[in-house]
Structure formats: structure tokens, C-alpha cells
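Here is a short tour of one structure, written for someone meeting it afresh. Have a look at the sequence and the fold, then read on.

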Amino acid sequence: MVISFRRDQDRRGRLGGLRTRTWHGPTDPVWLPQDVLDRHGARILRPTTAVTFAGAPTPLSTIYRSAVLQVPNSFFEPENRLVLARLNEVLAAVGYRLAFERVRPLAHAVPDVLRRHQPHYPDVHRRVRIEVVAGSLARSVDAWLALQTLRAAVLAEPDLRDAVSRIELEHLLVGAVSLVGDPSTEGHPATEGQPSTEGHTGGWSYARAGSGGRAPVDVIAPAPRRRTLSQLGGRRPTVAVLDTGIGPHPWLDYSSDLYDDGFVLVDPAIQALLVAAEAAADVPEPLPDPVEGPVYDTPLLGELDTHSGHGTFIAGIIRQAAPDARVRSIRLMHDDGVVYENDLLVAFAELLAQVRYAQAGEGDPEQFVDVVSLSAGYYSENADDVAYTSQLASIIGRLADCGVLVVASAGNDSTDRPCYPAALPPGAGNVPVVISVGALNPNGSKAFFSNDGPWVRCWATGAAVISTYPTTYDGSEGALNSLAEANGPGLPQRRETIDPDDFRSGFATWSGTSFSAPLVAAALAAAVLFEAERDPAVGMEHLDASHAITRAARALRTVGG
């Protein structure tokens, strides 16, 4: 295990000195296959074809859901009815309207969760569908055109500035792994078949089995020893994993009971909110069950989807590097690696509410979260929007103010273009807003596929990592050679080469910044516990922001060296 922070952190262990840098890479890292875009109702914004108004900056490429915009929940208060009406008057010029009346209150769907945490909630964004006005010439809806129309109106109507400045696209985030043999990997520098990397960068090599691509292996070692609660004498450090969920594995016993001491807790409150938020917006591809099960990219062919097993693999990394921690599993990534930005906002908002609830002494200490691990990101059309106006940045910053460490993968596109939320400015506090993590090879060198740049603040092993994989996953690919044999009782009846997608051993090797990020998250969780045991004054039972920040800052110093 290799973990290295950049040398420019100050003596208190704080991550500082973020510098901006213009992306000038040879290829555009923004890409998804058309069938994945269609599945999620999304499109790619391209600078050469994007509609803009006079004086607006030329956008960079990004991926966004084409039929929705995100607006603050406070827009739906009675006093804002005139503002909503005026927004629709502006949009009527392009034949659109925002269907505000179709947004159903989340409190109707999950009243117990929201009632308990309501005083601690931020003004979280809600999805609002864009509709074509009856009789207009518009044939389809485009959230980018709608947003540009609203922003252009601000030039003539400054009174709309505050409302419009808080309206955002809903981006698609994508999980950062290297894969093999799947069309969704085409066009990514970390994967095989990318014209710009084929033959000269070497990044594609990590997609091959045997060179870091997803492949089954076997592990002889037993599960890392985990102390009991009585041996710990207090609360375990909790790592919230926002990913594909976690599948069956003997190392990863899971439960939905907050008071069960299993390694994995499936968070029912957040899952209920995510389901309600998606149902309220008629999301075309709802999230699957929170516990991972085998999902096939092409069911008739039986090929495992690109990110199947992703969350289980991440949980296994944490099990190895921080066995005394607890994983809180939150399912918000689809098996094709896609994360909806609004789902991420809802998850962060509920985590923030749970942390504040526990810190206020109103909830159980087990609701507190010490570290958040996110292995997905997106490229923004405007970096200033993300850094200064996005709600994602605001909520993550408030988690840092509570002493929660947020760790995010830097991305696998061999570019220095900022990937968010990893590239968010670190802020001025003792706890950085985000700890961005790039990937190292097993020998400690930087992996060719990893994003880089001054915004990547930490590096950890992320290539050819071995971890847990669901034992029930067995795709349709077969062994290269296979021969039936008539062996005696108790002996295998076949002789064959390795089956590349039969994971009944429960372990796999895989590569990506997706896996370097949870390694850092686990190291920080272990360091938080170490600092709490070393100094009872900052013990795990002290949940207030002051003690949590001190504990987190010391953990950063311990891990960062």
C-alpha cells in the first residue's frame, strides 16, 4: 500500500495551495456510448455546437440530462410563485416550460426521515422536468438551451439574477475504473481501443486481464482481523461509500440495522430518499436494489455490466486497510457506472443532516460519519460555476465544517482537466473540502491512466489492486480451452484455462482511481481511530464539530506524513 500527499501541504497537515490550470489535453475526456446516454436521458454538450448568448463564455464539454434542470427546494415556497411564473414566461420564447406543479414533496413519501432531520437540512435542489409548450415549434427539450435562455434574460431583468444563478444542469458522473471488452470503455484513455492513446500512451494496457483489468483471482489469506466493539471500547469510525451497493461476500457481512455490528450497513433512510426523489421526477432509469446483484450489460449475451461489483470491490479495500471501521453503503451508481448529480446531492444532504443531528445530541452517535468515499466524477462546462455557485460544492463544504473527510477519485482519463467533485478548491479550514486522489502503480509510480494536475492532492495505489468481488457473479464468457474429464468422486470434472468472468472465488484484480480513493478513505478512517485511542480528549464519543475537526486534522497529518 502506497499513499503520498503532495509536498505543498502546510505543517498542520492541511491541504492547501490549489492553483488553477487550463486544460490543454490532446483529446476530450467527455464521452459515453450512445446507448448509455439514451438509457439515462442524457446528451453531451460540445463547445463547437453549444448554444450561447452574446457575451457568455464558451462552455467546455460535459454530460447532462437533457430533460431536467435542478432548482432549490425553496423555490416551491408560496412566496416564490411569481418568480416561477416569470421563469416560464421567459422559457416560452423557445417553446419550453418548467413543470413545477409536477414536483411532489419528498415529505409525502418519506415523512419520518425528513421530519426527524428537517432542522439540519440544507436547501437541497430538486429536479424539474422541462416540457414543450403546446403549439410551439420545439420538437425536443434541451436543458442547456433552457438554461442559456434564462441566463440571457438576466441581462435585461436583474431581478431574476438570484433565482437563475441557483438553477443548474443535472450532470452525469461516471465511475473511474479501467475495463476490458465493453463498448462503454471505447473512447477513454484508460481503456483499450482509444485512438488517441493506442500505441503511444500505454494507458489502454491496464484494461487487459493480467495487466490490471477486471479479472478473477484467488486469495489465500484469511479476512483481516476485526476487533469487537468491547475491545474497541467505543464507536467505530464510519466510512460512507457512495457507489453501486455491496454484494454477497463472506468478508462483508451487512445489515440495515443501525445497532448491528456488521461490517456493512445499508442505509435505509438515504435509500428511501433517493427512491422518492427519483419517483418524483420520473427518472428513466431508477436505481436498482441497494444490495448488489449480478447485472448484465446485454442480458441475452450474459456479459457482466461495466461496473458490476464496483461497490463490493471498494468495500473489500476498506476491509483490508481499516478492518475496525464500518462501511455505510449508499447505492447511487448504476451498473454502467453512471451517477445522477441530483442523487448525489440528496445523498450528501442526508449525510449532512445525519451528522448535524448526531452533533446536536439529538440522534444516535452511530449516525455520525467520519469519512465519505466517492469514486465518480464529471467534467464541468464552467469551472467557476462549480467552485462558486454549485450546490454540490456548498454541501460538501458544510460536511468539512462538521469535521467529515470527503475523499474523491481524480478520474481515469489521462488529463489535467479538473474533474469534480475531486477538483473542488480545498478551502481554508483545517479539514479540506475534498481530498482528490490519483492512482499509483504497485511500484509507486503514477499510473498512466490517472488524471493529474495541481488539483490532485493525494496519490495512492490504484492499479492491479486485489479485493473482494461478489461470489454470485459468473458471466457468459468462458475459458479459452476446456476439456471434460471423467475423474473420481470429489475431483473436478473439467480441465480448463481461467474463466475471465467467473468470480466464484470472491476476489478480483482491477484498476482505477476508483480504488485509490477508498484506500485513502480507509487509511484516514484507521488514522481517526488511532488518534482517538491515542488521546482520549478527542475520543470517538466526542462528536461536536470542534473535536471532529481536530481528530480529522490529526488523521490527515498521520496519513500525510
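## A strand covered on both faces

Strand 17 has cover on both of its faces: Leu 405, Val 407 and Ser 409 are buried on one side, and Val 406 and Ala 408 are buried on the other. Buried here means under 20% relative accessible area, with exposed being over 50% and partly exposed in between (1.4 Å probe, protein chains only). Put as a count, five of the five residues of strand 17 are buried. In a regular strand, side chains alternate between the two faces of the sheet.

This is a predicted model, so local features need pLDDT of at least 70 and side-chain atom pairs count only at pLDDT 80 or more, while totals for chains, interfaces and linings use all residues. Residues are numbered from 1 along each chain as its sequence is written, and side-chain values use heavy atoms, leaving out hydrogens and water.

## Neighbours in the sheet

What does strand 17 pair with? Strand 15 runs parallel to strand 17, joined by four bridges, and strand 18 (residues 435-440) is also parallel to strand 17, with three bridges. Two strands pair if DSSP finds at least two bridges between them. Strands (E, at least two residues) and helices (H or I, at least four) are DSSP runs numbered from the N terminus. Val 407 is the bridge partner of Ser 373, and Val 407 also has Ile 435 in strand 18 as a bridge partner.

Zoom out and you get an open sheet of nine strands in the order 1-19-18-17-15-8-13-10-9, with mixed pairing. Its edges are strand 1 (3-5) and strand 9 (254-255), each pairing on one side only. Strand 9 pairs with strand 10 (residues 264-266) in the parallel sense over two bridges, and Ser 255 has Leu 265 as its bridge partner there.

## The helix lying across

Helix 10 (residues 341-359) lies across strand 8 (238-243), strand 13 (326-331), strand 15 (371-374) and strand 17 (405-409). Helix 10 runs at about 165° to strand 8; angles go from 0 to 180 degrees between N-to-C directions, using axes fitted to C-alpha atoms, for helices over the stretch in contact. Contact means heavy atoms within 4.5 Å.

## A small list of lining residues

The second largest cavity is lined by Phe 368, Asp 370, Gly 403, Val 528, Ala 548, Arg 551 and Ala 552. On a 1 Å grid over the protein atoms alone, a cavity is a set of points where a 1.4 Å probe fits but cannot get out, and lining residues have an atom within 4 Å of a point. Helix 14 (residues 545-560) gives the most to this lining, with three residues.

Definitions and conventions:
1 Å grid on protein atoms, 1.4 Å probe; cavity = no way out; pocket = protein on both sides within 12 Å on 5 of 7 lines; lining within 4 Å.
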